[in-house]
Amino acid sequence: MTATSMPVTMSKTAPMDRAQALGRLKFADSSFRVMTLGAALVVLALLVGVAVSLFIGAWPAFSHFGIGFLFSDSWSPPKERFGAAAAIYGTVVTAIIAMVIGVPVGMGIAVFLTELCPPTLRRPIGIAIELLAGIPSIIYGIWGVYYFKPFMQAYLQPFLISTLGAIPGVGALFAGPPLGYGIFTAGLVLAVMILPFVTAISRDVFETVPTVLKEAAYGVGATTFEVVGSIVIPYTRVGVIGGVMLALGRALGETMAVTFVIGNATHISTSILSQGTTISAMIANQFADADPGLFTSSLLALGFILFIITFLVLAAARFMLSRLEVKAGR
Amino acid sequence: MANLYPGRKRRNAIWTVLAYAATAFGLLWLGLILGALIWNGVGGLSLDVFTKMTAPPGVVGGLLNSIVGSLIVTAIGLAISAPLGILAGTYLAEYGRYGKLANVIRFVNDILLSAPSIVVGLFVYQFCVVPFGHFSALAGGVALAVISTPIIVRTTEDMLSLVPNTLREAASSLGMPRSLVIQQVAYRAVRSGLITGILLAIARMTGETAPLIFTELGNSLFTADPTGPMSSLPLIIYEFARSPYPEQQKLAWTGALIVTAAVLSLSIFARVMSAQRGAGK
């Protein structure tokens with residue numbers, strides 16, 4: 001410890017009255033405490049501020065359209081008629097596609113890393129998957145529009161249309177021309193984006209399984225798959241669901257990558273191959289052109305709806321993860 | 001009794017192959033994206049990129065104003081979020097601990113940690129753009145600060161809770177008041193951990209785009225005035241990637257390569273630092 005970094009209050013006040021020095025020390029002590037408390041309260045105020053400011057901004061739209069705002073899919077700036085249904089629909093459908101693909105694959109990677117991977121490769125592969133989470137959303141967007149969209153248009157979408165599209169009933173979901181852009185493309189890009197989150201959390205919770213439990217199962221002759229299916233996943237179920245909800249929160253709020261590949265059509269189509277929009281893509285895409293008044297207010301209302309949806313999902317995720325922490329702490 | 005063994009073995013083999021396939025799938029995407037970035041971005045790397053301004057189509061331009069703008073906005077964001085995050089994290093780990101208030105704040109911080117960045121952007125628009133009547137780099141910095149503060153709060157709290165209590169008790173027994181125990185003993189013990197948190201926060205801010213659309217807006221001119229609109233790398237990528245002009249598209253890829261290289265090297269560096277810490281224990 002160097003002399004300069006020693007408490008200034010002490011060295012300066014040494015010749016002075018002892019009570020005075022102690023008084024200063026006490027003041028510095030309590031003001032530091034108050035400062036940390038203040039900073040912590042700012043964090044609390046941020047969340048409240050987000051909710052309140054968005055609600056205030058959204059109020060004109062809510063009071064003008066009423067509850068119908070949630071169920072109307074018309075979005076027409078010239079006529080000043082706005083509804084959130086198309087955006088909510090797109091947000092939910094892209095998130096479902098992302099979860100259906102991203103969750104099993106992400107968990108598969110976690111199983112690979114915790115149970116199957118040779119120890120020397122565990123670290124490099126783990127880091128590589130985490131890098132996938134580090135790549136900024138806009139990079140997924142530019143990559144999606146230059147490489148993934150043409151691939152979808154040329155190969156995957158024609159394939160889906162000719163196979164699944166021919167089945168009566170389900171076929172309606174895969175109808176229409178192969179545009180490349182669309183809800184399905186956005187869902188796939190989202191799936192890749194949430195992969196690393198699912199993997200990271202599944203891996204963390206898988207590691208809370210006591211080794212004795214796994215060894216006991218291996219000891220009575222269980223296969224790796226049986227250990228994972230009968231010991232690891234049941235033991236960590238709550239945590240895995242929490243992690244899945246956390247990933248869902250990400251998928252619902254993701255903006256830039258989706259904006260690039262979803263096509264930004266402001267109506268609902270039955271086919272998931274057709275163009276659509278999500279709440280966040282709609283806001284990112286239209287905010288710059290929005291006139292103050294009902295248009296801007298409607299976009300803020302969309303933001304408020306997104307905030308409420310993600311808040312509920314994330315709160316549920318945290319609740320489940322904290323239950324697992326309690327369990328692991330015992 | 002039927003022989004279950006071949007069936008169990010087969011099922012195990014199938015699931016093992018699927019787990020391998022999942023990992024290959026994840027790595028494939030990383031390879032494809034990084035490959036595309038390098039393939040398209042490296043060719044455009046030249047001195048012009050770092051010395052010239054963004055230009056209208058037809059004129060040879062660079063990314064200087066965007067790079068400087070990104071640095072300024074990130075610096076503003078960090079100047080707010082680093083002290084705020086470290087102090088709030090200190091409260092959670094040192095003063096609040098198991099209190100009710102600390103639990104509420106911990107929960108709120110976790111929500112903010114994964115809140116959609118576009119919502120944060122709208123909040124800052126309402127809070128810092130509407131009252132002043134114009135977009136500004138300052139508002140962009142505030143938006144980035146809101147996004148990065150929870151990261152710093154989280155790492156600070158996690159790191160401080162690793163400090164052994166005996167260390168604190170030893171300092172207290174010498175008569176140090178609580179604040180000095182924290183500043184002189186606890187902070188020193190976790191210095192590399194705090195830096196890791198700050199590096200992760202910078203990495204997150206560097207690639208963030210969505211909130212900047214409503215706060216910083218973008219600017220094709222060079223400016224160092226934080227009260228006005230300013231250019232930024234992610235914003236210029238967003239704009240140029242959708243441009244019909246090949247030279248602008250090329251610059252978008254080069255910008256994307258620069259951003260990704262910065263973000264990934266920051267997060268790898270942060271990881272190496274925290275790994276060294278873990279090994280040293």
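Does Cys117(A) belong with the buried or the exposed residues, that is, what does its relative accessibility indicate? In this predicted model, Cys117(A) counts as buried, because its relative accessibility is 3%, which lies under the 20% cut-off for that class.

**View 1. Two cysteines, Cys117(A) and Cys128(B), shown with regard to burial.** Cys117(A) is buried at 3% relative accessibility, and Cys128(B), in the other chain of this view, is likewise assigned to the buried class, with a relative accessible area of 12%. A disulfide is a covalent bond between the sulfur atoms of two cysteines. Over all chains, the count of disulfides comes to 0.

**View 2. Helix α6 of chain A, covering residues 183-206.** The helix consists of 24 residues, and the distance from its first C-alpha to its last is 33 Å, close to the 34 Å expected at 1.5 Å a residue. Along its course, α6(A) bends by about 35 degrees at Ile194(A), and within four residues there follows a proline, Pro196(A). Because 21 of the 24 residues of α6(A) are buried, the helix is largely enclosed by the rest of the structure.

**View 3. Chain B, drawn as a C-alpha trace with its helices.** Chain B contains 12 helices and 0 strands, so it is of interest how the chain is spread in space: its radius of gyration is 24 Å, well over the 19 Å that the globule rule gives for 281 residues, and it is therefore more spread out than a compact globule. Along the principal axes, the C-alpha trace of chain B spans about 70 × 70 × 35 Å. Of the contacts in chain B between residues at least 6 apart in sequence, 73% join residues at least 24 apart.

**View 4. Burial and surface of chain B.** Among the 281 residues of chain B, 54% count as buried, while the accessible surface of the chain comes to about 12,100 Å², with 69% of that area belonging to carbon and sulfur atoms.

**View 5. The surroundings of Ser81(B) in helix α3 of chain B.** Ser81(B) is found in helix α3, which covers residues 64-96 of chain B, and this serine is buried, its relative accessible area being 0%. When residues up to four places away in sequence are not counted, Ser81(B) touches Ile86(B), Ala145(B), Ser148(B), Thr149(B) and Ile152(B).

Terms used:
Residues numbered from 1 in each chain as written. Chains lettered and ligands numbered in written order. Predicted model: local features only at pLDDT ≥ 70, side-chain atom pairs only at ≥ 80, totals over all residues. Heavy atoms only, no water. Helix = DSSP H or I, 4+ residues; strand = E, 2+ residues; numbered from the N terminus. Expected span 1.5 Å × (residues − 1). Bend = angle between axes of the 7 residues up to and from the residue. Buried < 20%, exposed > 50% of the residue type's maximum accessible area, 1.4 Å probe, protein only. Rg over C-alpha atoms; globule rule 2.2 N^0.38 Å. Contact = heavy atoms within 4.5 Å. Areas by Shrake-Rupley, 256 points an atom, 1.4 Å probe, with all protein chains shown as cover. Disulfide = S-S within 2.5 Å.
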